[in-house]
Amino acid sequence: MAAAPPARYLLAQNEHPYPPLPSVLAALADAPGDLHRYPDLRPRRIEGIIADWQGVPAGQVVVGHGSAGVALDLFHAVVEPGDNVVHSDPCFDAYPLFCRIARAEARPVPLGPDARHDLAAMAERLDDRTRIVVLCNPHNPTGTVYSWAELTAFFRRVPPTALILLDEAYIDFARGWAAPDVPARIAEWPNLVVLRTLSKSHGIAALRIGYAMAAEPVAQRVRDHQVPYAVNRLQEAGLLAAVAAQDEVDRRIAGIAAERDRLRAELLGLGWAVAPSLTNFLWVAVPGDQSPVKAALERLGVAVRFYPGQGIRIAVGEKDANDAVLAGFAEAGPPPAASAAPTAPPTDAAR
(Lines give C-alpha, C1' and ligand atoms only; values in the text may rest on other atoms or scores of the structure.)
Protein backbone atom coordinates (compact mmCIF):
# COMPACT_ATOMS: atom_id res chain seq x y z
CA MET A 1 0.00 0.00 0.00
CA ALA A 2 1.39 3.41 -0.98
CA ALA A 3 2.20 5.78 1.85
CA ALA A 4 -0.03 8.80 2.30
CA PRO A 5 1.45 12.03 0.90
CA PRO A 6 2.89 14.49 3.45
CA ALA A 7 0.15 16.54 5.06
CA ARG A 8 -0.20 20.07 3.76
CA TYR A 9 -2.86 21.13 6.23
CA LEU A 10 -1.99 20.28 9.83
CA LEU A 11 -5.33 20.18 11.63
CA ALA A 12 -4.74 17.29 14.04
CA GLN A 13 -3.41 19.04 17.15
CA ASN A 14 -5.74 22.00 17.66
CA GLU A 15 -2.94 24.44 16.92
CA HIS A 16 -3.48 28.12 16.14
CA PRO A 17 -3.55 28.45 12.34
CA TYR A 18 -1.47 31.64 12.22
CA PRO A 19 2.17 32.38 13.16
CA PRO A 20 2.91 34.31 16.35
CA LEU A 21 2.10 38.01 16.29
CA PRO A 22 4.91 40.30 15.08
CA SER A 23 5.21 41.84 18.53
CA VAL A 24 5.74 38.39 20.06
CA LEU A 25 8.40 37.51 17.49
CA ALA A 26 10.15 40.82 18.13
CA ALA A 27 10.18 40.19 21.87
CA LEU A 28 11.66 36.75 21.35
CA ALA A 29 14.33 38.14 19.02
CA ASP A 30 15.40 40.60 21.71
CA ALA A 31 15.49 37.99 24.48
CA PRO A 32 18.40 35.61 23.71
CA GLY A 33 21.25 37.86 24.83
CA ASP A 34 21.61 36.19 28.23
CA LEU A 35 20.82 32.59 27.41
CA HIS A 36 24.11 31.58 28.99
CA ARG A 37 22.51 32.45 32.37
CA TYR A 38 20.13 30.20 34.26
CA PRO A 39 16.51 31.30 34.56
CA ASP A 40 14.98 31.86 37.99
CA LEU A 41 14.96 28.83 40.26
CA ARG A 42 11.21 29.35 40.60
CA PRO A 43 9.24 31.38 38.03
CA ARG A 44 8.22 34.15 40.42
CA ARG A 45 8.18 36.89 37.77
CA ILE A 46 5.97 34.89 35.42
CA GLU A 47 3.65 33.99 38.29
CA GLY A 48 3.37 37.69 39.04
CA ILE A 49 2.64 38.57 35.40
CA ILE A 50 -0.15 35.99 35.23
CA ALA A 51 -1.51 36.98 38.64
CA ASP A 52 -1.82 40.63 37.56
CA TRP A 53 -3.35 39.59 34.23
CA GLN A 54 -5.94 37.28 35.82
CA GLY A 55 -6.59 39.30 38.96
CA VAL A 56 -5.53 36.68 41.50
CA PRO A 57 -2.83 36.73 44.19
CA ALA A 58 0.52 35.43 42.97
CA GLY A 59 0.36 32.70 45.61
CA GLN A 60 -2.61 31.19 43.78
CA VAL A 61 -0.71 30.81 40.47
CA VAL A 62 1.35 27.82 39.35
CA VAL A 63 3.30 28.07 36.09
CA GLY A 64 4.70 25.14 34.17
CA HIS A 65 5.72 23.55 30.90
CA GLY A 66 2.41 23.97 29.13
CA SER A 67 -0.90 23.19 30.80
CA ALA A 68 -0.06 19.48 30.47
CA GLY A 69 3.12 20.06 32.47
CA VAL A 70 1.19 21.78 35.25
CA ALA A 71 -1.39 18.99 35.26
CA LEU A 72 1.35 16.37 35.60
CA ASP A 73 2.85 18.35 38.49
CA LEU A 74 -0.57 18.24 40.13
CA PHE A 75 -0.76 14.46 39.69
CA HIS A 76 2.68 14.09 41.27
CA ALA A 77 1.58 16.29 44.17
CA VAL A 78 -1.68 14.61 45.15
CA VAL A 79 -1.97 11.13 43.62
CA GLU A 80 -0.52 8.04 45.27
CA PRO A 81 -0.40 4.51 43.82
CA GLY A 82 -3.82 2.94 44.29
CA ASP A 83 -5.71 6.23 44.20
CA ASN A 84 -8.11 6.84 41.34
CA VAL A 85 -8.77 9.62 38.84
CA VAL A 86 -12.15 10.08 37.16
CA HIS A 87 -12.19 11.53 33.64
CA SER A 88 -14.30 11.38 30.49
CA ASP A 89 -13.84 9.02 27.57
CA PRO A 90 -12.68 10.32 25.18
CA CYS A 91 -10.68 13.10 26.79
CA PHE A 92 -7.38 14.94 26.38
CA ASP A 93 -4.86 12.15 25.77
CA ALA A 94 -2.55 13.26 28.57
CA TYR A 95 -4.89 12.35 31.42
CA PRO A 96 -4.89 8.55 30.96
CA LEU A 97 -1.11 8.80 30.49
CA PHE A 98 -0.73 10.73 33.74
CA CYS A 99 -2.75 8.06 35.54
CA ARG A 100 -0.27 5.45 34.33
CA ILE A 101 2.68 7.61 35.39
CA ALA A 102 1.18 8.11 38.86
CA ARG A 103 0.21 4.42 39.06
CA ALA A 104 -3.36 5.48 39.73
CA GLU A 105 -6.53 3.75 38.64
CA ALA A 106 -8.03 5.59 35.68
CA ARG A 107 -11.82 5.63 35.75
CA PRO A 108 -12.95 6.72 32.28
CA VAL A 109 -16.62 7.58 31.88
CA PRO A 110 -18.14 7.62 28.37
CA LEU A 111 -19.58 10.90 27.16
CA GLY A 112 -23.31 11.36 27.01
CA PRO A 113 -25.29 11.38 23.75
CA ASP A 114 -24.92 15.16 23.55
CA ALA A 115 -21.09 14.81 23.27
CA ARG A 116 -20.65 16.27 26.76
CA HIS A 117 -19.44 14.82 30.05
CA ASP A 118 -21.94 12.47 31.65
CA LEU A 119 -21.80 14.23 35.00
CA ALA A 120 -24.26 11.90 36.70
CA ALA A 121 -22.22 8.85 35.70
CA MET A 122 -18.99 10.56 36.72
CA ALA A 123 -20.41 11.31 40.16
CA GLU A 124 -21.19 7.61 40.58
CA ARG A 125 -17.51 6.73 40.06
CA LEU A 126 -16.25 8.99 42.88
CA ASP A 127 -15.18 7.48 46.19
CA ASP A 128 -12.82 8.13 49.10
CA ARG A 129 -9.79 7.14 46.98
CA THR A 130 -10.60 9.62 44.22
CA ARG A 131 -7.91 12.29 44.22
CA ILE A 132 -8.68 14.14 40.97
CA VAL A 133 -11.76 14.46 38.80
CA VAL A 134 -11.00 15.99 35.41
CA LEU A 135 -13.49 18.21 33.62
CA CYS A 136 -12.47 19.80 30.32
CA ASN A 137 -14.70 22.80 29.68
CA PRO A 138 -14.85 23.39 26.75
CA HIS A 139 -14.37 19.69 26.25
CA ASN A 140 -11.52 18.17 24.29
CA PRO A 141 -12.14 16.51 21.83
CA THR A 142 -15.79 17.52 21.28
CA GLY A 143 -15.75 21.30 21.88
CA THR A 144 -18.94 21.20 23.95
CA VAL A 145 -19.51 23.15 27.18
CA TYR A 146 -21.41 23.09 30.43
CA SER A 147 -22.96 26.13 32.04
CA TRP A 148 -21.51 27.26 35.35
CA ALA A 149 -24.73 26.22 37.10
CA GLU A 150 -24.38 22.69 35.72
CA LEU A 151 -20.74 22.51 36.76
CA THR A 152 -21.34 23.70 40.30
CA ALA A 153 -24.21 21.26 40.74
CA PHE A 154 -21.63 18.55 39.99
CA PHE A 155 -19.00 20.18 42.23
CA ARG A 156 -21.36 19.67 45.19
CA ARG A 157 -21.15 15.91 44.62
CA VAL A 158 -17.34 15.81 44.69
CA PRO A 159 -15.87 14.82 48.07
CA PRO A 160 -13.60 17.46 49.62
CA THR A 161 -10.73 14.94 49.56
CA ALA A 162 -10.70 15.13 45.74
CA LEU A 163 -9.50 18.01 43.60
CA ILE A 164 -11.59 19.22 40.68
CA LEU A 165 -9.28 19.87 37.74
CA LEU A 166 -11.21 22.24 35.48
CA ASP A 167 -9.20 22.24 32.26
CA GLU A 168 -9.98 25.48 30.43
CA ALA A 169 -7.37 25.20 27.69
CA TYR A 170 -9.89 26.52 25.14
CA ILE A 171 -11.78 29.00 27.30
CA ASP A 172 -10.58 32.02 25.30
CA PHE A 173 -12.58 30.76 22.32
CA ALA A 174 -15.78 30.39 24.40
CA ARG A 175 -16.85 34.00 24.05
CA GLY A 176 -20.03 34.75 25.95
CA TRP A 177 -19.71 31.76 28.27
CA ALA A 178 -20.64 33.20 31.66
CA ALA A 179 -19.01 32.25 34.96
CA PRO A 180 -17.72 34.03 38.06
CA ASP A 181 -14.18 35.33 37.87
CA VAL A 182 -11.48 32.96 39.05
CA PRO A 183 -10.93 34.54 42.50
CA ALA A 184 -14.61 34.09 43.28
CA ARG A 185 -14.55 30.50 42.03
CA ILE A 186 -11.56 29.60 44.19
CA ALA A 187 -13.04 31.31 47.23
CA GLU A 188 -16.21 29.23 46.94
CA TRP A 189 -14.55 25.98 45.87
CA PRO A 190 -11.21 25.47 47.68
CA ASN A 191 -10.71 22.09 45.97
CA LEU A 192 -10.98 23.64 42.48
CA VAL A 193 -7.94 23.96 40.19
CA VAL A 194 -8.44 26.04 37.02
CA LEU A 195 -5.99 25.05 34.29
CA ARG A 196 -5.17 27.28 31.30
CA THR A 197 -2.64 27.75 28.52
CA LEU A 198 -1.42 30.30 26.00
CA SER A 199 -0.70 27.58 23.44
CA LYS A 200 -4.07 27.73 21.70
CA SER A 201 -5.54 31.21 21.86
CA HIS A 202 -2.24 33.13 21.76
CA GLY A 203 -0.57 30.96 19.14
CA ILE A 204 2.66 30.18 21.02
CA ALA A 205 2.32 26.42 21.52
CA ALA A 206 6.05 25.78 21.06
CA LEU A 207 6.89 28.08 24.00
CA ARG A 208 4.95 25.75 26.36
CA ILE A 209 3.42 28.30 28.72
CA GLY A 210 0.71 26.87 30.94
CA TYR A 211 -0.62 27.84 34.33
CA ALA A 212 -3.10 26.87 36.99
CA MET A 213 -4.96 28.92 39.56
CA ALA A 214 -5.99 27.40 42.86
CA ALA A 215 -6.25 28.09 46.58
CA GLU A 216 -2.81 28.90 47.98
CA PRO A 217 -2.36 25.62 49.91
CA VAL A 218 -3.12 23.63 46.77
CA ALA A 219 -0.92 25.84 44.59
CA GLN A 220 1.99 25.54 47.02
CA ARG A 221 1.60 21.78 47.16
CA VAL A 222 2.01 21.65 43.39
CA ARG A 223 5.01 24.01 43.42
CA ASP A 224 6.73 21.74 45.92
CA HIS A 225 6.75 19.00 43.25
CA GLN A 226 8.02 21.08 40.34
CA VAL A 227 11.44 20.78 38.72
CA PRO A 228 13.66 23.85 39.37
CA TYR A 229 14.57 26.17 36.47
CA ALA A 230 11.62 24.79 34.50
CA VAL A 231 10.50 28.12 32.99
CA ASN A 232 12.96 30.15 30.92
CA ARG A 233 13.48 33.71 29.73
CA LEU A 234 12.14 33.07 26.25
CA GLN A 235 8.86 31.96 27.78
CA GLU A 236 8.79 35.07 29.95
CA ALA A 237 9.42 37.36 26.97
CA GLY A 238 6.78 35.61 24.89
CA LEU A 239 4.24 35.76 27.71
CA LEU A 240 4.72 39.48 28.28
CA ALA A 241 4.36 40.27 24.59
CA ALA A 242 1.35 37.99 24.11
CA VAL A 243 -0.54 39.43 27.08
CA ALA A 244 0.22 42.97 25.89
CA ALA A 245 -1.25 42.15 22.47
CA GLN A 246 -4.62 40.97 23.78
CA ASP A 247 -6.62 43.13 21.34
CA GLU A 248 -4.86 41.51 18.38
CA VAL A 249 -5.30 38.09 19.95
CA ASP A 250 -9.03 38.75 20.32
CA ARG A 251 -9.36 39.73 16.66
CA ARG A 252 -7.67 36.52 15.59
CA ILE A 253 -9.95 34.49 17.86
CA ALA A 254 -12.99 36.15 16.31
CA GLY A 255 -11.75 35.20 12.85
CA ILE A 256 -11.14 31.60 13.88
CA ALA A 257 -14.61 31.42 15.46
CA ALA A 258 -16.19 32.70 12.25
CA GLU A 259 -14.38 30.02 10.22
CA ARG A 260 -15.36 27.39 12.80
CA ASP A 261 -19.02 28.31 12.44
CA ARG A 262 -18.79 28.32 8.63
CA LEU A 263 -17.08 24.93 8.59
CA ARG A 264 -19.65 23.42 10.94
CA ALA A 265 -22.58 24.80 8.94
CA GLU A 266 -21.24 23.37 5.69
CA LEU A 267 -20.45 19.99 7.22
CA LEU A 268 -23.98 19.86 8.62
CA GLY A 269 -25.22 20.74 5.14
CA LEU A 270 -23.36 17.70 3.81
CA GLY A 271 -25.25 15.55 6.30
CA TRP A 272 -22.54 14.99 8.88
CA ALA A 273 -23.18 15.11 12.63
CA VAL A 274 -21.11 17.94 14.13
CA ALA A 275 -21.30 18.89 17.80
CA PRO A 276 -21.80 22.55 18.75
CA SER A 277 -18.34 23.92 19.54
CA LEU A 278 -16.96 26.86 21.51
CA THR A 279 -13.33 26.05 20.71
CA ASN A 280 -10.95 26.23 17.75
CA PHE A 281 -11.92 22.72 16.58
CA LEU A 282 -14.93 20.62 15.61
CA TRP A 283 -16.04 17.11 16.49
CA VAL A 284 -17.67 15.06 13.76
CA ALA A 285 -19.44 11.98 15.13
CA VAL A 286 -18.43 8.98 13.00
CA PRO A 287 -19.00 5.85 15.10
CA GLY A 288 -18.86 3.60 12.05
CA ASP A 289 -16.41 3.20 9.18
CA GLN A 290 -14.07 6.19 9.02
CA SER A 291 -11.92 4.90 6.17
CA PRO A 292 -13.66 6.77 3.31
CA VAL A 293 -13.14 10.11 5.06
CA LYS A 294 -9.59 9.20 6.04
CA ALA A 295 -8.67 8.27 2.47
CA ALA A 296 -10.19 11.44 1.02
CA LEU A 297 -8.54 13.76 3.53
CA GLU A 298 -5.15 12.09 3.18
CA ARG A 299 -5.36 12.43 -0.60
CA LEU A 300 -5.98 16.16 -0.15
CA GLY A 301 -3.12 16.51 2.34
CA VAL A 302 -5.32 17.14 5.39
CA ALA A 303 -4.20 15.77 8.77
CA VAL A 304 -6.96 15.48 11.38
CA ARG A 305 -7.37 13.38 14.52
CA PHE A 306 -9.30 10.12 14.24
CA TYR A 307 -10.94 8.46 17.24
CA PRO A 308 -11.83 4.98 15.92
CA GLY A 309 -15.42 4.05 16.58
CA GLN A 310 -16.24 7.51 17.93
CA GLY A 311 -15.47 10.51 15.77
CA ILE A 312 -13.06 12.87 14.08
CA ARG A 313 -11.60 16.04 15.59
CA ILE A 314 -10.72 18.82 13.17
CA ALA A 315 -8.81 21.94 14.16
CA VAL A 316 -10.01 25.08 12.42
CA GLY A 317 -7.37 26.29 9.98
CA GLU A 318 -7.09 29.03 7.41
CA LYS A 319 -9.81 29.21 4.78
CA ASP A 320 -8.02 27.05 2.21
CA ALA A 321 -7.41 24.35 4.83
CA ASN A 322 -11.06 24.38 5.85
CA ASP A 323 -12.13 24.24 2.21
CA ALA A 324 -9.94 21.16 1.79
CA VAL A 325 -11.71 19.55 4.76
CA LEU A 326 -15.08 20.22 3.16
CA ALA A 327 -13.88 18.79 -0.15
CA GLY A 328 -12.70 15.63 1.61
CA PHE A 329 -15.96 15.05 3.45
CA ALA A 330 -17.92 15.71 0.26
CA GLU A 331 -15.73 13.23 -1.64
CA ALA A 332 -16.24 10.59 1.06
CA GLY A 333 -19.93 10.51 0.27
CA PRO A 334 -22.87 10.45 2.67
CA PRO A 335 -22.11 9.70 6.31
CA PRO A 336 -22.92 6.31 7.85
CA ALA A 337 -26.56 6.04 8.83
CA ALA A 338 -25.54 5.44 12.45
CA SER A 339 -24.23 9.01 12.76
CA ALA A 340 -26.90 11.15 14.39
CA ALA A 341 -26.27 14.83 14.93
CA PRO A 342 -25.49 15.45 18.61
CA THR A 343 -27.27 18.31 20.24
CA ALA A 344 -26.43 20.25 23.35
CA PRO A 345 -28.56 22.45 25.60
CA PRO A 346 -27.91 26.18 25.30
CA THR A 347 -24.86 27.53 27.06
CA ASP A 348 -24.86 30.50 29.41
CA ALA A 349 -24.23 32.65 26.34
CA ALA A 350 -27.69 31.80 25.03
CA ARG A 351 -29.60 31.91 28.31
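Two strands count as a pair when DSSP finds at least two bridges between them, and I keep that rule at hand for the hairpin below. The model I am reading is a predicted one.

**Entry 1: the hairpin.** I looked up strand E12 (residues 305-307) and found that 3 bridges join E12 to E13, the two strands running antiparallel. Because at least two bridges are needed, I enter E12 and E13 as a pair, with 3 bridges between them. One of the links I noted is that of Arg 305 to its bridge partner in E13, Arg 313. The hairpin has 3 residues between its strands, and there Gly 309 takes a positive phi near 80 degrees.

**Entry 2: the other partner of E13.** I then turned to strand E10 (281-285), which pairs with E13 in the antiparallel sense over 5 bridges. For Ala 285 I noted Gly 311 as the bridge partner in E13.

**Entry 3: which faces of E13 are covered?** I asked this of the burial values. In a regular strand the side chains alternate between the two faces of the sheet. In E13, Gly 311, Arg 313 and Ala 315 are buried on one side, while Ile 312 and Ile 314 are buried on the other, so that both faces are covered. The count agrees with this, as 5 of the 5 residues of E13 are buried.

**Entry 4: helix H10.** I checked the length of H10 (residues 246-269) against its residue count: at 1.5 Å a residue its 24 residues should span 34 Å, and the end C-alpha atoms lie 34 Å apart, which agrees. The buried residues of H10 are Gln 246, Val 249, Ile 253, Ile 256, Ala 257, Glu 259, Arg 260, Leu 263 and Leu 267. Their cover includes strands E10 and E13, and also helix H2 (44-54), helix H9 (233-244), strand E9 (273-274) and helix H12 (319-332). Just after H10, I found Gly 271 with a positive phi of about 100 degrees.

**Entry 5: pockets.** The largest pocket has a volume of about 470 Å³, and of the 24 residues that line it, Gln 13, Phe 92, Asn 140, Tyr 170 and Lys 200 lie nearest its centre. Helix H3 (66-78) and E12 each supply at least two residues of this lining, which by class holds 10 nonpolar, 7 polar and 7 charged residues.

For the second largest pocket I noted a volume of about 290 Å³ and a lining of 16 residues, with Gln 54, Ile 171, Asp 172, Arg 185 and Arg 196 nearest the centre. The elements giving two or more residues to that lining are H2, helix H7 (182-188) and H10. By class, I entered 7 nonpolar, 3 polar and 6 charged residues for the lining of the second largest pocket.

Conventions:
Residues numbered from 1 in each chain as written. Predicted model: local features only at pLDDT ≥ 70, side-chain atom pairs only at ≥ 80, totals over all residues. Heavy atoms only, no water. Helix = DSSP H or I, 4+ residues; strand = E, 2+ residues; numbered from the N terminus. Expected span 1.5 Å × (residues − 1). Buried < 20%, exposed > 50% of the residue type's maximum accessible area, 1.4 Å probe, protein only. Contact = heavy atoms within 4.5 Å. 1 Å grid on protein atoms, 1.4 Å probe; cavity = no way out; pocket = protein on both sides within 12 Å on 5 of 7 lines; lining within 4 Å. Points joined across faces, edges and corners; volume = space filled by probe spheres on them. Nonpolar A, V, L, I, M, F, W, Y, C, P; charged D, E, K, R; others polar.
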